[in-house]
Amino acid sequence: MGIREFPGGAPRGKSIAVGMRRSPDVSPRRLSDISPQLRQLKYLVVDEAIKEDLKWSRSVEDLTSGPVGLTSIEERILRITGYYGYQPWAASYKREERPRDSPGPAEAQAPAGAEAGGRTSHRCWRCSRAQLKKIFWGVAVVLCVCSSWAGSTQIAKLTFRKFDAPFTLTWFATNWNFLFFPLYYVGHVCKSSEKQSVKQRYRECCRFFGDNGLTLKVFFTKAAPFGVLWTLTNYLYLHAIKKINTTDVSVLFCCNKAFVFLLSWIVLRDRFMGVRIVAAILAIAGIVMMTYADGFHSHSVIGIALVVGSASMSALYKVLFKLLLGSAKFGEAALFLSILGVFNVLFITCIPIILYFTKVEYWSSFDDIPWGNLCGFSVLLLTFNIVLNFGIAVTYPTLMSVGIVLSVPVNAVVDHYTSKIVFNGVRVIAIIIIGLGFLLLLLPEEWDVWLIKLLTRLKVRKKEETAEGAADQGSGPQSKNRRARPSFAR
């Protein structure tokens with residue numbers, strides 16, 4: 001095994017092995033040249049001060065730090081004997097400075113580093129693939145929310161031309177909520193590794209209502225009020241479609257986000273956020289401007305009041321659910337929505353019958369009912385609620401809310417070609433203001449902290465780039481001269 005000869009071999013500082021130093025003019029080139037000194041290693045007596053220096057030196061720490069440190073035979077001998085000017089406490093002696101002359105250790109570490117780099121890049125690629133997959137699902141969910149919400153609104157508008165019964169349509173569509181839990185159980189059987197029977201899954205989801213499960217008292221105290229709010233929300237929304245165009249209805253319903261914040265701040269004592277107060281003010285200003293856009297006619301004012309009432313019922317539903325029941329898992333939410341469908345069948349069915357016989361919502365015969373429109377509206381509304389409640393499993397919740405906002409321009413395009421809507425300046429400004437307020441409400445609670453951190457990082461990065469550029473310009477010629485020097489020059 002050969003030992004590399006270092007120029008300027010006269011060691012400086014204290015000597016570790018007394019009487020074992022040779023003249024720098026006669027530097028050994030083989031291990032056999034220093035074999036007498038190696039036999040005397042067991043008789044070495046090292047000074048305590050030197051021990052302390054070695055103890056706190058970076059080289060000794062590197063020596064004990066594993067395979068990355070100084071582990072070769074040559075370096076250990078040089079450290080003990082003090083030959084070639086090698087000093088353990090000097091940080092100038094680094095493995096990276098001699099990759100060509102000592103191929104053994106460097107080449108031994110190269111595959112490990114390459115393997116680690118490969119694993120790191122593979123991990124980064126895997127993370128990027130996961131993020132891309134979540135974003136892809138997010139785009140799909142946004143399109144599904146937008147199309148289902150806008151489609152259900154347009155189909156409801158078409159249905160009322162032949163079937164003027166908004167409450168009956170609400171009752172018919174709410175009955176489809178019964179399918180929530182069966183659809184969830186099908187997904188559970190397909191995806192879950194531990195498959196449970198329907199009875200076992202039902203009992204486990206019933207724990208959401210308390211230790212006793214779903215009792216008659218719980219049904220009337222915790223499920224029935226939400227069934228009433230659900231029916232009022234949909235009925236007021238559909239009744240408003242009869243009065244005003246679908247664009248105004250969809251954009252005004254976006255104000256429910258502002259109402260949720262205000263009720264949560266008052267009832268749930270949620271954190272106060274100035275930006276959300278601004279968003280709520282924008283929503284209220286948009287409602288006023290939307291009312292002014294048609295000149296405060298009674299027909300439009302009633303329609304706008306119905307939509308605002310629908311948004312208020314929706315906000316009250318969400319806040320009360322969080323107050324009384326808290327947060328629900330997917331199975332619990334599916335069971336709860338199915339229970340609302342059961343409540344609708346048992347206790348709301350009498351109302352459409354009463355409206356029919358009192359001729360408030362009357363149709364001549366069952367053959368005249370557009371069953372295709374009714375079923376299409378029900379399927380789209382069911383799809384919208386399924387994606388809105390379970391889409392969080394595959395993407396971000398904010399993206400799902402964006403889909404509701406995107407339904408506004410879709411309805412505007414459809415109304416432009418199918419109705420006599422006039423997009424004057426006041427209506428366009430009102431739509432923009434309400435949409436802006438809705439987007440402000442989607443900001444997370446720590447958005448200001450994140451913004452400050454982002455600006456700070458950008459400033460620090462800009463300063464570092466400026467400093468690196470100045471250093472490169474100032475030390476460019478010197479670094480070139482240093483590279484041009486031979487390795488044995490002082």
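Biologist: Where does Lys 420 lie?

Modeller: In the loop between helix H17 (397-418) and helix H18 (425-441). A helix here is a DSSP run of H or I with at least four residues, a strand is a run of E with at least two, and both are numbered from the N terminus. Keep in mind that this is a predicted model: local features need pLDDT of at least 70, side-chain atom pairs count only at pLDDT 80 or more, and totals for chains, interfaces and linings use all residues. Residues are numbered from 1 along each chain as its sequence is written, and side-chain values use heavy atoms, with hydrogens and water left out.

Biologist: Why is Lys 420 called exposed?

Modeller: Its relative accessibility is 81%. Exposed means over 50% relative accessible area, buried under 20%, and partly exposed in between (1.4 Å probe, protein chains only). Since 81% is over 50%, Lys 420 counts as exposed. Lys 420 and Asn 245 are also 175 residues apart in sequence, with 9.0 Å between their C-alpha atoms.

Biologist: What makes Asp 248 buried?

Modeller: Asp 248, which is in helix H10 (residues 246-253), has 2% relative accessibility. That is under 20%, so Asp 248 counts as buried. Leaving out residues up to four places away in sequence, Asp 248 touches Met 290, Asp 294 and Arg 427. Touching, or contact, means heavy atoms within 4.5 Å.

Biologist: And Lys 257, is that residue buried, partly exposed or exposed?

Modeller: Lys 257 in helix H11 (residues 256-267) comes out at 27%. This value falls between the two cut-offs, so Lys 257 is partly exposed. Neighbours within four places aside, its contacts are Ser 401, Phe 438, Leu 441 and Leu 442.

Biologist: How do you know that Thr 159 is buried?

Modeller: Thr 159 is in helix H5 (residues 103-159). Its relative accessibility is 0%, which is under 20%, so Thr 159 counts as buried. Again without neighbours within four places, Thr 159 is in contact with Pro 370, Asn 373 and Leu 374.

Biologist: On to the rings. How many aromatic pairs does the structure hold?

Modeller: It holds 31. Rings of Phe, Tyr and Trp (its six-membered ring) pair if their centres lie within 6.5 Å; planes under 30 degrees apart are stacked, over 60 edge-to-face, and the rest tilted.

Biologist: What makes Phe 219 and Phe 347 a tilted pair?

Modeller: Their ring centres are 6.2 Å apart, which is within 6.5 Å, so they pair. Their planes are at 40°, neither under 30 nor over 60, so the pair is tilted. The pair links distant parts of the chain, with Phe 219 in helix H9 (residues 216-243) and Phe 347 in helix H14 (residues 330-348), 128 residues apart. Phe 219 is buried at 9%, whereas Phe 347 is partly exposed at 36%.

Biologist: Why is the pair of Tyr 356 and Trp 363 called tilted?

Modeller: The centres are 4.6 Å apart and the planes at 45°, which is neither stacked nor edge-to-face, so the pair is tilted. Tyr 356 has 19% relative accessibility and counts as buried, as does Trp 363 at 13%.

Biologist: How do you know that Lys 359 lies over the face of Tyr 362?

Modeller: Lys 359 is at 5.3 Å from the ring centre. The rule asks for NZ of Lys or CZ of Arg within 6 Å of the ring centre and within 35 degrees of the ring normal. The distance of 5.3 Å is within 6 Å, and Lys 359 is listed as lying over the face. Lys 359 is in the loop between helix H15 (350-357) and helix H16 (371-390). Its accessibility is 59%, so Lys 359 is exposed. Its phi is near 60°, a positive value in a residue other than glycine.

Biologist: Last one. Why is H8 called roughly perpendicular to H14?

Modeller: Helix H8 (residues 198-206) and H14 pack at about 90°, with axes 9 Å apart. Angles of 65 to 115 degrees count as roughly perpendicular, under 35 as roughly parallel, over 145 as roughly antiparallel, and the rest as oblique. About 90° falls in the 65 to 115 range, so H8 is roughly perpendicular to H14. The axes are lines fitted to C-alpha atoms over the stretch in contact, and angles run from 0 to 180 degrees between N-to-C directions. Tyr 202, Cys 205 and Cys 206 of H8 meet Gly 331, Glu 332 and Leu 335 of H14.
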